[in-house]
Amino acid sequence: MEIEQSTVKKGLEMSGRLEGKVCVITGTGGSVGRATAHAFAREGAMVVGCDVDENSATATADSVHAAGGSMASLQPCNLTERADCTALVDLAVRTFGQIDVLFNLAAAASFGWLEDITDKEWDRDRRQEVDLVFYLTREAWPHLKASRGVVINMASLNASLSFKPLPSLAHTTNKAGIIGMTRQLAMEGREHGIRANSISPGVIETNATREQLEDPEWAEYMLGKTLLGRLGRPEEVASVAVFLASTESSYVTGIDIIVDGGMKVW
Ligand SMILES: NC(=O)c1ccc[n+]([C@@H]2O[C@H](COP(=O)([O-])OP(=O)(O)OC[C@H]3O[C@@H](n4cnc5c(N)ncnc54)[C@H](O)[C@@H]3O)[C@@H](O)[C@H]2O)c1
């Protein structure tokens, strides 16, 4: 199902940092995705969202419209299917005429220790963390070339740091792949005026982490590693994405920004 709506941005508190920009954000049914859709719309972006989960994606689009933002959305949209990537790019171009920013935010991680991971699980994690970024970026690339656009990829602190209680072999490997892919995209995109950067969050309180955070041992370990003494909020990742999407970051490309409340310090 598609939701196409472009509303007058009345009642929004805006400073217009993304005014006129068409921003494709994946995984807008999720916690960071929803916060990002709102943050981008508040800054004047025309947002194009999607999610494999129909209900949560629709709820995000409805809430952005209710706040006066401009957003189209495609759901269900499974980005591990190339046809769905094509459909998402088509929706963006048909609705708003161009793509200025692609934020590859959606991913689904699975966890297991080395000896327990089956071939099938290993393959699935790669498809749900890396392949979907490759498919959609390749599909959107001609439009990003035309707009001299921006790519933002969601990596993870886990790409460069291991946590004792977290069996994250596949997730670590694949998010490290995202950092590498981003650097290469920045290199390939330079001649077209395309910038590419990634974001590596530490532990953010979201749908994906909430259940695990109920385990007191795990929560205590993770909190103990956080210099600021608390977990991150989805909005605190979204605000970094706004910076990377806007011209404020015009001299920033090929890097990974860590948003972890200081977890890497000790
Ligand atoms: N929460 C954290 O602590 C944390 C830390 C580091 C990195 N991240 C990354 O941030 C991103 C968002 O995470 P979140 O915590 O908001 O999780 P979330 O589960 O709330 O959101 C992810 C969304 O992506 C969607 N999705 C997954 N696979 C998809 C596919 N194939 N096609 C379309 N949609 C798909 C899910 O349905 C979900 O709505 C992910 O890339 C995650 O790896 C999160």
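**Chat about helix H4 and the ligand shell**

Me: What should the 29 residues of H4 span, and how far apart are its end C-alpha atoms?
Reply: At 1.5 Å a residue H4 should span 42 Å, and its end C-alpha atoms are 40 Å apart, which agrees. The expected span is 1.5 Å times one less than the number of residues. Helices are DSSP runs (H or I, at least four residues), strands likewise (E, at least two), numbered from the N terminus.

Me: Is this predicted, and how's the numbering done?
Reply: This is a predicted model, where local features need pLDDT of at least 70, side-chain atom pairs count only at pLDDT 80 or more, and totals for chains, interfaces and linings use all residues. Residues are numbered from 1 along each chain as its sequence is written.

Me: Where's the kink in H4?
Reply: At Trp141, shortly before the proline Pro142, and the kink is about 50°. The bend is the angle between axes fitted to the seven residues ending at a residue and the seven starting there.

Me: What phi does Arg148 take just after H4?
Reply: A positive one, about 50°.

Me: New topic: which residues come nearest the ligand?
Reply: Gly27, Gly30, Val32, Ala107 and Thr206, out of 31 around the ligand. Being near takes a C-beta atom, placed from the backbone, within 6 Å.

Me: Which elements give two or more residues to that shell?
Reply: Helix H1 (31-42), helix H4 (119-147) and helix H6 (207-210).

Me: And how many helices and strands are in the chain?
Reply: Eight helices and eight strands.
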